[in-house]
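I opened this model to see how its strands pair and how its helices pack. These are my notes, in the order in which I looked things up.

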Amino acid sequence: MNSAHHADVVVIGGGPAGATASTLLAQQGLAVELFERERFPRFHIGESLIPETYWTLERLGMLPKLQASRFVKKYSVQFVNARGQESAPFYFWDNKPHECSQTWQVVRSEFDQMMLENARAHGVTAHEGTRVHEVLFEGDRAVGVRVRGEDGVFREVRARVVVDASGQNGLLSHTLGLRVWDPVLNKGAIWTYWEGAYRDTGKDEGATIVLQTPDKKGWFWYIPQHDNIVSVGVVGPFDYLFKGRGSYEQTYAEEVERCTAVKERVAGATRATGHFATKDYSYRASQVAGNGWVLVGDAWGFLDPLYSSGVLLALKSGELAADAIVAGLGKGDTSAAQLGSWGPDFNRGVDRMRRLVCEYYDGFSFGRFVKHYPALIGTVTDLLIGDLFTDRVDQVWGPLESLYPPDKPAIPAWNAGTPVADAPEKANELILPEDLARRVI
Ligand SMILES: Cc1cc2nc3c(=O)[nH]c(=O)nc-3n(C[C@H](O)[C@H](O)[C@H](O)COP(=O)(O)OP(=O)(O)OC[C@H]3O[C@@H](n4cnc5c(N)ncnc54)[C@H](O)[C@@H]3O)c2cc1C
């Protein structure tokens, strides 16, 4: 084992959360070492951004890079119900006439590489192909990490703060038993990429379309990307999608066949890859921070992808954690209370998005809601763009409840779920197709 060296902050994982936290820390002159187990570009799901990512991307200095990129511009989201009826598109600009109302459909291998290069340009020392094996503790205080590079050599890196941005892998959450599985959001997803599938034109070309399946058990995402590719995935209850069915390819084909609105859109297209699958259990950690450590992005929590909120939450938590670390190091306080000071507000914001997700699975219809409460279209759009961290948006819940059937059961809180230690069979393992190498998506 090589001898230890020191950084101000060590970041585990180079996805959007890790790249965000590390860049903002380096901008403040801190010595940051980031360890990413993969070599980029690498595949990742999570391709549709939502407008509120703008503010963090602006702080990161990413906007000019995205504006110069080939990523498809996204101006709206549209819903298609189980009978194939289309809602009017929710145009973000109508609600907020500002540059931030245009966002992007990204190819994550390209986006994540841009984010990591941007971190390096801000002074982050980023090591790819280097896995963090464990977080080192003295008592209950994190003091660094033990890593293993591609040369097989282990070394220790000491740090004043450790940021866990290891995604669904959740290094610290698993070590410390913090993960709590959501009691209701236990879905699965199967997806593939189509070349030459239907695209709208003009400013609708880059819209995310969410299409409900005919039995209302699940939904499809339809995300147009550059190079004439469309990402099309089906999300449904885990048992329904994965138990007693055939191969992923077969199940996917059956679901497309049943959903006319999707079937028609991909009818003239060719598949560009094989089929990907993942369990999509939502979860959160029971605490965002401890003494000397903090969790960001999917390492903290994962919410069902219905409204494409994952990258926003990765960016936002990365930003909030970085600000708490800078303030803490400035006054010599790296306690759990200081590093996790943003946690309660952040949790409340995610609760709002979670509620909207659960309402959809319980039968909430955007079309119906807007018809009854046209004055609230702006507030619903606020939620859809990710403007979650304000009490102002809570005015939708009363009207929304007024449209419930009287016997609709209440939505259980996320922390009524099962701790990871009691549910070892649950893991959001990603299944990649054998032909992935044909194209780095
Ligand atoms: C089916 C599905 C659809 C989705 N759709 C969307 C969408 O449309 N829009 C959206 O915004 N979000 C979406 N998401 C969510 C999105 O993928 C994630 O929320 C987002 O990638 C989280 O970013 P992150 O940086 O926290 O984690 P990641 O992007 O997963 O990055 C974590 C990194 O840590 C590295 N790592 C892990 N363990 C270690 C270790 N021990 N040592 C070193 N490195 C390590 C990994 O290699 C990885 O690069 C979707 C998710 C799923 C499952």
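**Strand 16 and its partners**

I started with V180, which stands opposite R284 in strand 16. This is a predicted model, so I kept in mind that local features need pLDDT of at least 70, that side-chain atom pairs count only at pLDDT 80 or more, and that totals for chains, interfaces and linings use all residues. Residues are numbered from 1 along each chain, as its sequence is written. The elements I name are DSSP runs numbered from the N terminus: helices are H or I with at least four residues, strands are E with at least two.

Which strand runs antiparallel to strand 16 over 9 bridges? I found strand 11, residues 179-195. For the pairing I used the DSSP rule that two strands pair if there are at least two bridges between them.

Strand 16 covers residues 276-285. I followed R284 further and found that its bridge partner in strand 19 is G301. Strand 19 (residues 301-302) runs antiparallel to strand 16, and 2 bridges join them. Strand 21 (residues 430-431) is also antiparallel to strand 16, again with 2 bridges. There I noted T278 opposite L430.

Is strand 16 mostly covered or mostly open? I see it as mostly covered, with 9 of its 10 residues buried. Buried here means 20 or more other C-beta atoms within 10 Å of a residue's own, exposed means 12 or fewer, and partly exposed is in between, with C-beta atoms placed from the backbone. A note to myself: in a regular strand the side chains alternate between the two faces of the sheet.

**Strand 10**

Next I looked at strand 10, residues 154-164, which runs antiparallel to strand 9, residues 141-148, with 5 bridges joining them. I picked out R146, whose bridge partner in strand 10 is E156. Strands 9 and 10 form a hairpin with 5 residues between them, and G152 in the turn has a positive phi of about 80 degrees.

Which strand pairs with strand 10 in the parallel sense? I found strand 18, residues 293-295, over 3 bridges. In strand 18, V294 is the bridge partner of V163.

**Helix 2**

Then I turned to the helices. Two packed helices are described by the angle between their axes and the distance between the axes. I took the axes as lines fitted to C-alpha atoms, for helices over the stretch in contact, with angles from 0 to 180 degrees between N-to-C directions.

Helix 2 (residues 53-60) packs against helix 10 (residues 310-330) at about 50 degrees, with the axes 9 Å apart. Why do I call the pair oblique? Angles under 35 degrees count as roughly parallel, over 145 as roughly antiparallel and 65 to 115 as roughly perpendicular, so the rest are oblique, and helix 2 and helix 10 are therefore oblique to each other.

I listed T53, T56 and R59 in helix 2 as meeting V311, L312, L315, K316 and E319 in helix 10; a contact here needs C-beta atoms, placed from the backbone, within 7 Å. The residues of this contact divide into 3 nonpolar, 2 polar and 3 charged. For those classes, Ala, Val, Leu, Ile, Met, Phe, Trp, Tyr, Cys and Pro count as nonpolar, Asp, Glu, Lys and Arg as charged, and the others, Gly among them, as polar.

The buried residues I noted in helix 2 are T53, Y54, T56, L57 and L60. Their cover includes helix 1, helix 3, strand 6, helix 5 and helix 10. After helix 2 comes G61, with a positive phi near 80 degrees.

**L66**

I found L66 in helix 3, residues 63-67. L66 counts as partly exposed because it has 18 C-beta neighbours inside 10 Å. Leaving out residues up to four places away in sequence, L66 touches L57, F71 and W104. T103 is 37 residues from L66 in sequence, and their C-alpha atoms are 9.2 Å apart.

**Helix 1 and helix 5**

My last lookup was helix 1 with helix 5, whose axes come within 9 Å and cross at roughly 20 degrees. That makes helix 1 roughly parallel to helix 5. I noted P16, A19, S22 and T23 in helix 1 meeting D112, M115, L116, N118 and A119 in helix 5. By class, this contact has 5 nonpolar, 3 polar and 1 charged residues.

Technical notes: Two residues are in contact if their C-beta atoms, placed from the backbone, lie within 7 Å.
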